[in-house]
Amino acid sequence: MSEELKNENGFGSSLELLDALGIGPVWVRRELAVEEAVAADAVMPAAAETASPLQAAAPLARPVAQPVQHEDLEDAFAAAPAAPVARPAPRPAPAAPAAPAMPRAPERRSAPVEDDGGPPSWLDEMDFAASVEPALILDGIGEDEGEDAPAQVDPMVARIAAMEWPQLKEIVSDCRRCGLCKGRKNTVFGVGDEKAKWLFIGEGPGRNEDQQGEPFVGPAGKLLDNMLAAMGVRRGDNAYIANIVKCRPTGDDGRDRPPSPQEVASCLPYLQRQIALIQPTVLVALGKTAAISLLGMDPSTPVSRLRGTVHRYQDLPLVVTYHPAYLLRTLGDKSKAWADLCLAMSTYQQQSSN
């Protein structure tokens, strides 16, 4: 080997690295070959006695350098450093077969594929600031569609809220805000003292009410009048009677039915304006439909869960009891209805004393 290659920086260390990995060089420098030959001559007789046939054949598998001439050896020794670096005497023969590590080298050059359920590698290249864009787009869509926008408020509701009694009665008589207008004979506006302290609210007109245009007539109306008399009031005297809806709700069979939520929503602004004009001291909800409509509760809520408690409607006390038509079918609950009326009267006294 030429002097330039021998003195090249890092060359010897590279060979030592290959030896440590068990790969071995494909060629050997002259001075190293001399040392290996001398060391091999010293150990081969002893090793040959104990080595297995595989181990004895192993040294033959090592790549052998070109034949070294005597003159080259003298030149190599003359050029060798005064204190040569000590090398291990003989490298074990099995080091050469340890080369199975070589096939794993390509695996170290390429990253393994992630398959553990974690995020893929391409997420590292994403601009996470852009991930906020879908939320911004959705917000924009919501504004275009008018979600939660006050513009959806029916302008007619604002007109009703500013009406006085004559205007309110006139607009109810010709109302077309829901489909109940198609089957009615008369609208049932309400009856009683327009400055009453007691306001009784039922569900809707029945057949008799639709024909006469007045709430609570017929057997249910007579029972309500008796209930009022037991309380010390009477129809038209410090009491006002109204319904949630102003027209009679009927099914396909022509029989009475509870109003639908859409029908209640269409007609409720009229009742709300009546309450605002009357300013009663106590409200009494007669039946389930009146109670859940005024309190905004789930339609499946039974009356039994609403009784016995003083509720609030726009800062006004509200007591719930059974509808008179129900009491005609269930006479045993009349005592419960009387207890509700007693609660209403005690509430009235408390409100009047304040």
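This report describes the helices, the sheet, the salt bridges and a few loop residues of the structure shown above.

The structure is a predicted model, in which local features need a pLDDT of at least 70 and side-chain atom pairs count only at pLDDT 80 or more, while totals for chains, interfaces and linings use all residues. Residues are numbered from 1 along each chain as its sequence is written, and side-chain values use heavy atoms, with hydrogens and water left out.

## The sheet

Helices (DSSP runs of H or I, at least four residues) and strands (runs of E, at least two residues) are numbered from the N terminus. Strands of a sheet pair through backbone hydrogen bonds, in either a parallel or an antiparallel way. Here two strands count as paired if DSSP finds at least two bridges between them. By this rule six strands form an open sheet with mixed pairing, and their order is β1-β3-β2-β4-β6-β5. Because β1 and β5 each have a single partner strand, they stand at the edges, and one side of each is left without a neighbour in the sheet. Within the sheet, β4 and β6 are parallel partners joined over four bridges, and Ala285 stands opposite Val320 in β6.

## Two helices

Helix α16 comprises residues 334–353, and its end C-alpha atoms are 29 Å apart, which agrees with the 28 Å that its 20 residues should span at 1.5 Å a residue. The expected span used here is 1.5 Å times one less than the number of residues in the helix.

Which residues of α16 are buried? A residue is called buried under 20% relative accessible area, exposed over 50%, and partly exposed in between (with a 1.4 Å probe, protein chains only). The buried residues of α16 are Ala337, Asp340, Leu341, Ala344, Met345 and Thr347. They lie on the same side of α16, because they cover an arc of only 165° around the axis, where the arc is that of the directions from the helix axis to the C-beta atoms. An α-helix has 3.6 residues a turn, so residues three or four places apart point the same way. On the other side of α16, Ser335, Gln349 and Ser353 are exposed. The buried residues of α16 pack against β2, α11 (219–231), β4 (282–286), β5 (310–313), β6 (316–321) and α15 (324–329), a contact being heavy atoms within 4.5 Å.

Helix α12 (residues 261–278) has 18 residues, and the distance of 25 Å from its first C-alpha to its last is close to the 26 Å expected. This helix bends by about 40° at Cys267, and a proline, Pro269, follows within four residues. The bend at a residue is the angle between axes fitted to the seven residues ending there and the seven starting there. Of the 18 residues of α12, 13 are buried, so that the helix is mostly covered.

## Salt bridges

Side chains of opposite charge can pair when their charged atoms come close. A salt bridge is counted where a side-chain nitrogen of Lys or Arg lies within 4 Å of a carboxyl oxygen of Asp or Glu, and the structure holds eleven of them. Three are listed here.

| Pair | N to O distance |
|---|---|
| Lys169 and Glu194 | 3.2 Å |
| Arg248 and Asp256 | 2.6 Å |
| Lys336 and Asp333 | 3.5 Å |

The pair of Lys169 and Glu194 links distant parts of the chain, 25 residues apart, with Lys169 in helix α9 (residues 165–173) and Glu194 in the loop between β1 (191–192) and β2 (198–202). Lys169 is partly exposed at 39% relative accessible area, and Glu194 is partly exposed at 27%. In the second pair, Arg248 counts as buried at 15%, whereas Asp256 is partly exposed at 45%. In the third pair, Lys336 is partly exposed at 37%, whereas Asp333 counts as buried at 9%. In addition, a network of salt bridges links Glu214, Asp225 and Arg235.

## Loop residues

Most residues other than glycine have a negative phi. Gln279 is not a glycine, yet its phi is positive, at about 55°, and this residue is found in the loop between α12 and β4. Asp315 also has a positive phi, near 70°; it lies in the loop between β5 and β6 and counts as exposed at 66% relative accessibility.

Ala162, in the loop between α8 (155–160) and α9, is exposed at 56% relative accessibility. Ala162 and Arg273 are 111 residues apart in sequence, while their C-alpha atoms are 8.1 Å apart in space.
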